[in-house]
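Student: Got a minute to walk through this one with me? Let's pull it up.

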Amino acid sequence: MNSKKCLLLSLVSLLTVACATNPLTGRKSLNFVSNSQLLPSSFQQYQEVLSSNKIITGTPQAKQVEEVGNRIRKAAETYYKSIGKSSALDGYQWQFVLIDDSKTANAWCMPGGKVAVYTGILSICKDDAGLAVVLGHEIAHALAGHGAEKISQSYISELGGQVLGGVTNNQALRQVINQYYPVASGITLLRYGRKQETDADEMGLYIMAMAGYDPRQAPIFWQRMIESTGGSNTPEFLSTHPNPENRIADLNRIMPKALQFYQSYHTNKL
Ligand SMILES: [Zn+2]
């Protein structure tokens, strides 16, 4: 979404059409779906996914997922507060669960901070820093409102006339939302676009660093991810995301900025 197109939409629409800007990456995106419209559906669908999968609780691995997730989440919230953007996260209900499925090397996040990690990705994560790469990326999708952006784009393309005519159609919005959050079907992964994935990689790297996890572990994690395929089956987390070699190059390019956040974490802690 370029700013011209966004401006045009803003001018012609009778609804409040807004462009959101990612405060860490500067990427602009279309978003006219409010948290109060989107999050109840997201939370409901998350519950349905949880009830149709085996959720591990109370084990060291489940606690690790919760602890690393919450540490990154708190660091990001502190950052949002420091720049006066806390209201962007109104209504979020963060949750980090571990799903018992050793064959699935994957993780995902639904709008409003509902995260799931499959046990199959933990051996590739190896340690807290590796897990922080995965969770930083997923938390970034939620912070940046990528779900709302995707639904906004889809809603406009499917119901553009109504949107531009100022017709609010909650039933139709609900249908578009459901399209992206398949209920308990096993296909629980949100299909984000390439630009959203790159945005989540960049933002994820910064927020893991803010939480005190070494961002230099990110390219190393992705290398492990590539090697884990053994050249045959592509893990889901890779297949739905950008080309791994490109993403490693991109991460190394922005590493200096991530290291500044990492150093700030240590400076503030001392
Ligand atoms: Zn992603």
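**Helix packing first**

Tutor: Helix 3 and helix 5 make a right-handed crossing. Right-handed means the near helix is turned clockwise from the far one by less than a right angle; anticlockwise would be left-handed. Helices here are DSSP runs of H or I, at least four residues, and strands are runs of E, at least two, numbered from the N terminus.

Student: Is this a predicted model, and what gets counted?
Tutor: This is a predicted model: local features need pLDDT of at least 70, side-chain atom pairs count only at pLDDT 80 or more, and totals for chains, interfaces and linings use all residues. Residues are numbered from 1 along each chain as its sequence is written.

Student: Back to the crossing. At what angle do the axes of helix 3 and helix 5 cross?
Tutor: Roughly 50 degrees, and the axes of helix 3 (residues 60-82) and helix 5 (residues 128-143) come within 9 Å. Axes are lines fitted to C-alpha atoms over the stretch in contact, with angles from 0 to 180 degrees between N-to-C directions. The two helices are therefore oblique to each other. Under 35 degrees counts as roughly parallel, over 145 as roughly antiparallel, 65 to 115 as roughly perpendicular, and the rest as oblique.

Student: Which residues of helix 3 and helix 5 make the contact?
Tutor: Helix 3 brings Q64, V65, V68, G69, I72, R73 and A76. Helix 5 brings D128, L131, A132, L135, G136, I139 and L143. Contact means C-beta atoms, placed from the backbone, within 7 Å.

Student: New topic. Is Y46 buried or exposed?
Tutor: Buried, because 24 other C-beta atoms lie within 10 Å. The cut-off for buried is 20 or more, exposed is 12 or fewer, and partly exposed is in between, with C-beta atoms placed from the backbone. Y46 sits in helix 2 (residues 35-51).

Student: What does Y46 touch?
Tutor: M110 and K114, leaving out residues up to four places away in sequence. Y46 and K114 are 68 residues apart along the chain, yet their C-alpha atoms are separated by 6.9 Å.

Student: And the strands? How do strand 4 and strand 6 run?
Tutor: Parallel, with 5 bridges joining strand 4 to strand 6 (residues 114-118). V97 has A116 of strand 6 as its bridge partner. Strand 4 (residues 95-99) also pairs with strand 3 (residues 55-56), antiparallel, over 2 bridges. Pairing takes at least two bridges found by DSSP.

Student: How many helices and strands in the protein?
Tutor: 11 helices and 6 strands. Of its 270 residues, 40% count as buried.

Note on methods
Contact = placed C-beta atoms within 7 Å.
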